Amino acid sequence: MCGIVAAIAQRDVAKILIEGLKTLEYRGYDSAGMAVLSSEGAIQHIRRVGKVAALAEAVKQQAPKGGLGIAHTRWATHGQPTEENAHPHLSEDRIAIVHNGIIENHHDVRERLKQLGYQFQSETDTEVIAHLIHHELNHETDLLGAVRRALSQLQGAYAIAVIDKTEPNTLIVAREGSPLVIGL
C-alpha cells in the first residue's frame, strides 16, 4: 500500500514528513520520497528505494528546509521499484506531486503530453498527472484551477497532494475513490 503525508507550517516540515511516513511503515511499500519547497522557491527533491530509514538518512545528509512539503511511500503498480519511479514526481522543476491510486487512462494522456513536448523520467502514472497539471497552467492563473482541469481529464481512483514553487503558501489535495484525511 502507499501513503501520502503533506504539511504546510511556519517551520521546517521535513521532520514532520518523515514522522508521518514512519506511521505508515506497517504497510507494504518499496520506496519513499519527499519534496520540500525552500524559502528561496526551489523544490528540494529526495527519493530512495527501500525503507523510510533510507529516506530519513538522505534527509539528514541533505537537510531540506522549508515550510511546505509532500512525502510518499510507494508500492509499485507502474514500473519497477527504482528511484526514478519513486514519488514525488516533478514537472519542469515547478510542480511536485504524490499520488495514491491508479490512473486508468494514463497511457493515452502520456502520449498526448509527449506530443506536446513533455519528457518522462519514469514509468509511473503519477508523472503523467504532474505534467498534465503543468500543461494546464497554460490555461489557468493558479494551481487550483490547473489541478481541477487536469483531474477532469483523468479516469481512475486517486488521492493526490500537489505543490507549485510559484505558490509557496498553497498545498492542493484531491481525491476520487481513495481515502484522504486532512488534519489541522
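P88 sits in the loop that runs between strand 4 (68–74) and strand 5 (89–91). In this predicted model, the peptide bond joining H87 to P88 is cis, with omega at about 0°.

Two other loops hold a backbone oddity of another kind. A63, in the loop between helix 2 (52–62) and strand 4, has a phi near 45°, which is a positive value in a residue other than glycine. A63 is partly exposed, at a relative accessible area of 36%. D93, found in the loop between strand 5 and strand 6, also has a positive phi without being a glycine, here near 55°. With a relative accessible area of 55%, D93 is exposed. A positive phi turns up again just past helix 3, where G117 follows the helix with a value near 105°.

Turning to the interior, the largest nonpolar core is built from 24 residues, and I133, V147, I160 and V162 have the most contacts inside it. Two or more residues of this core come from each of strand 6 (95–103), helix 3 (106–115), helix 4 (125–136), helix 5 (143–151), strand 7 (156–164) and strand 8 (172–176). A second core, separate from this one, has 19 residues, including A7, L17, Y29 and A32. Such groupings fit a general pattern: in soluble globular proteins, nonpolar side chains tend to be buried together.

I160 gives a good view of the larger core from the inside. Leaving aside residues up to four places away in sequence, I160 touches I4, I97, V98, H99, I129, V147, L151, I172, V173 and A174. One of these partners, V147, is itself among the residues with the most contacts inside the core.

Helix 3 has a clear inside and outside. H106, V109, R110 and L113 are buried. They span an arc of only 105° around the axis, so they lie on the same side of helix 3. The general geometry behind this is simple: an α-helix has 3.6 residues a turn, so residues three or four places apart point the same way. H107, D108 and Q115, on the other side of helix 3, are exposed. Strand 6 and helix 4 are among the elements that cover the buried residues of helix 3.

The contact with helix 4 can be described in more detail. Helix 3 and helix 4 pack at about 45°, and their axes are 10 Å apart. That angle makes helix 3 oblique to helix 4. The crossing of helix 3 past helix 4 is left-handed. On the helix 3 side, the residues that meet helix 4 are H106, V109, R110, R112 and L113, and their counterparts in helix 4 are D125, V128, H131, L132 and H135.

Helix 4 also packs against helix 5, at an angle of about 120° and with the axes 8 Å apart. The two helices are therefore oblique to each other. Here helix 4 passes helix 5 in a right-handed crossing. L132, I133 and E136 of helix 4 meet L143, A146, V147, R149 and A150 of helix 5. L132 thus appears in both packings, since it also meets helix 3. Meanwhile R148, another residue of helix 5, counts as exposed at 58% relative accessibility. From R148 to E136 the C-alpha distance is 9.1 Å, with their positions 12 residues apart in sequence.

Helix 1 (residues 14–22) shows a one-sided pattern too. Its buried residues include A14, L17, I18, G20 and L21. Viewed down the axis, the buried residues of helix 1 fall within an arc of 160°, so they line one face of the helix. Their cover includes strand 1 (3–8), strand 2 (31–37), helix 2 and strand 4. L17, one of these buried residues, is also part of the second core.

The loop between strand 1 and helix 1 contains R11. R11 counts as exposed, at 55% relative accessibility, yet R11 touches I16, G66 and G67, not counting residues up to four places away in sequence. The C-alpha atoms of R11 and G67 are separated by 5.2 Å, although the two residues are 56 apart along the chain.

Technical notes
Residues numbered from 1 in each chain as written. Predicted model: local features only at pLDDT ≥ 70, side-chain atom pairs only at ≥ 80, totals over all residues. Heavy atoms only, no water. Core = buried A, V, L, I, M, F, W, Y, C linked by side-chain atoms within 4.5 Å. Buried < 20%, exposed > 50% of the residue type's maximum accessible area, 1.4 Å probe, protein only. Helix = DSSP H or I, 4+ residues; strand = E, 2+ residues; numbered from the N terminus. Contact = heavy atoms within 4.5 Å. Arc of directions from axis to C-beta. Axes fitted to C-alpha atoms, helices over the stretch in contact; angles between N-to-C directions. Parallel < 35°, antiparallel > 145°, perpendicular 65-115°, else oblique. Left-handed = near helix turned anticlockwise from the far one by under 90°.
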